[in-house]
Amino acid sequence: QNMAQNPPPTKHHRRVVDYCSDEEEEDEEFVIEEELNKLSALIETSLANAFGFACCDELAVDENLETKRLSAHLRLILTPLSSSKKEEMKNACEECLTTLWRVLRDESCGWDKPTYRECFVLSSLRLSLCTLLEGNLQEAMECLDTALILGCPGEMARPFVRLLEKLLRRSAGGGNRASSNSLVKKQKVAAREKALVVDNVLPSSSSLVPKILHPLERMNDNATWEEFKVMYFNKDMPVQLPSDKSMPCVEKWRDLAYFKERFGKRLIPLEVGKYDDVENWKEEIVPLEVFIDEHLAPDILKKGDKNSFVSYLAQHQLFEQIPQLAMDFEIPTWCNAGQFERCNIWLGTSNTITPCHFDSYDNIFGQVFGYKFVRLYLESDSQFMYKSGGDWETTRSWNVKDNDDRDADDNSEKKETKKKFRNAQGNISRVDVEAPDLEKFPEFAKATPMDVILGPGDFIYIPSRTWHYVRSLTVSCSLNFLF
């Protein structure tokens, strides 16, 4: 936490993504051929020279014949696009993506070579242009979303996304501002009739809401970030910060119709199933509107009753993918105590659980809508937390059998690797902190919890290496700012 090299905090508005919306601009001067040529040239020159050609060379020397074929396809992808080569180039992109998806599935813990991700990104960008030329705008956007989900830098994909957004608005009649505004109003009325608005009231009668016995310390409402730095940040002490309900996202986002109307076709990475349910937990890439209609909306209608399914858009840098959303909030001033790095979104059903763990970065965790229960333990309690080791079978959750029982399940090896990447750092406690097995983990009784229920506009500071456990009490959206 040596802040000597940090620049002085700015007084201007600070966004997590440097982005200016162009949705209100008229597109009369917009010429699609010129834009396409610019983006094609970006792939063939800037990106090819920055890492594309080097990626080809590294893939070519690999002993695996399939990897060598990736190199040949990528060299074609990086050549200038022409009508005579468009079909051949599109096939090369599809071959690369099919191969790389198969490698990703087989390796379970992600690609083991950076060149695989680079090849995936370049193939996706080129395929988006080939698909756009065929008039399949939505399919082209899905290519870009998938690349962004799998590691394409937002800044790299942004000019491609902007072009497609303009074309999609044009195809939907977005050039007529009056008709567009009228349509939005009608959609909002219809959406509210479908109960897509998340309540700002904690359902106290719900079985999900715990009793707070050891409340987390709270700062004075008039506290400044300078006071926070001296009293808590420099001492690595967690604390509940003053609330801020003035952020536009607090009210705007709880109407899920906003997400559905504006970004419903965009793809997102979704975790489906309870974290400790190895058999049924899975990852999917789905349109945002499917997540809302099939997961969030049914949970809202339950009005606090315990839902039978869990799904989570978890720890995703959505604002790199959809930067318009970053216009609805600012980086909290509390981050002035350090140096802001990135922001993630956590959007999900009730009863999502993040097991007790610690991270290597400082974290300002803010609640946008809905409610979450957070339990924290100081780093000094680590000796009582039964930190996980390297073997996933003993650490993936608190409900697994001991290693001696592995042979009882013929699929145990497959399950072991299925989600091993989630615990690669060995930073997860083996204890269910809400229902600890003190016979198995007797020392855990010596740990001292600090609890808080977060509602709309609430913030807490989670220092690096501070243990924390999070459970959603309702349909919920949170942001965490890492610094």
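## Glutamate 139 and the α4/α5 pair

Glutamate 139 is partly exposed in this predicted model, with a relative accessible area of 39%. That value falls between the cut-offs of 20% for buried and 50% for exposed, which is why the residue lands in the middle class. Glutamate 139 sits in helix α5. Its C-alpha atom is 7.6 Å from that of serine 128, although the two residues are 11 apart along the chain.

What angle do helix α4 and helix α5 make where they pack? About 170°, with the axes 8 Å apart. Angles over 145 degrees count as roughly antiparallel, so α4 and α5 get that label. The helices themselves cover residues 114–133 for α4 and 137–149 for α5.

On the α4 side, the residues that meet α5 are Phe120, Ser124, Leu125, Leu127, Ser128, Thr131 and Leu132. Facing them from α5 are Leu137, Glu139, Ala140, Cys143, Leu144, Thr146 and Ala147. Sorted by class, the contact has 9 nonpolar, 4 polar and 1 charged residues. Glu139 is in the list of contact residues, and Glu counts as charged.

## The eight-stranded sheet

Now for the strands. Which order do the strands of the open sheet follow? It goes β1-β10-β7-β12-β5-β4-β2-β3, 8 strands with antiparallel pairing. The edges are β1 (239–241) and β3 (282–287), and each of these pairs on one side only. From one strand to the next, the twist averages 30°.

At the β3 end, strand β2 (residues 267–272) is joined to β3 by 6 bridges, with the two running antiparallel. Proline 269 has isoleucine 285 of β3 standing opposite. Helix α11 (residues 288–301) lies across this part of the structure, over β2, β3, β4 (311–316) and β5 (342–348). Relative to β3, α11 runs at about 115°.

## A buried asparagine in β5

Staying with β5, take asparagine 344, which is found in that strand. Is asparagine 344 buried or exposed? Its relative accessible area is 2%, so it is buried.

What is asparagine 344 in contact with, leaving aside its neighbours within four places in sequence? Part of the answer is Gln315, His316, Gln317 and Phe319. The rest of the set is Ser478, Leu479, Asn480 and Leu482.

## β11 and its two partners

Strand β11 (residues 467–472) is mostly covered, with 6 of its 6 residues buried. In a regular strand the side chains alternate between the two faces of the sheet. Here Trp467, Tyr469 and Arg471 point one way from β11, while His468, Val470 and Ser472 point the other way. Both sets are buried, and Arg471 is among them.

β11 pairs with two strands that come up here. With β6 the link is 3 bridges, running antiparallel, and threonine 354 stands opposite valine 470. With β8 (residues 372–377) the pairing is again antiparallel, over 6 bridges. The bridge partner of valine 374 in β11 is valine 470, so valine 470 turns up in both pairings.

## Two positive phi values

Most residues other than glycine have a negative phi. Aspartate 236 goes the other way, with a positive phi of about 55°. This aspartate belongs to the loop between α8 (225–233) and β1. Aspartate 236 is partly exposed, at 31% relative accessible area.

Asparagine 351 also has a positive phi, near 70°. Where is asparagine 351 found? It is in the loop between β5 and β6 (353–357). With a relative accessibility of 9%, asparagine 351 counts as buried.

## The whole chain

Zooming out, the protein's secondary structure comes to 14 helices and 12 strands. Of its 483 residues, 51% count as buried. The exposed surface is about 23000 Å², with carbon and sulfur atoms supplying 48% of it.

Contacts in sequence terms are worth a look too. Take the contacts between residues at least 6 apart in sequence: 80% of them join residues at least 24 apart.

How values were computed: Residues numbered from 1 in each chain as written. Heavy atoms only, no water. Pairing = 2+ DSSP bridges. Helix = DSSP H or I, 4+ residues; strand = E, 2+ residues; numbered from the N terminus. Axes fitted to C-alpha atoms, helices over the stretch in contact; angles between N-to-C directions. Contact = heavy atoms within 4.5 Å. Buried < 20%, exposed > 50% of the residue type's maximum accessible area, 1.4 Å probe, protein only. Areas by Shrake-Rupley, 256 points an atom, 1.4 Å probe, with all protein chains shown as cover. Parallel < 35°, antiparallel > 145°, perpendicular 65-115°, else oblique.
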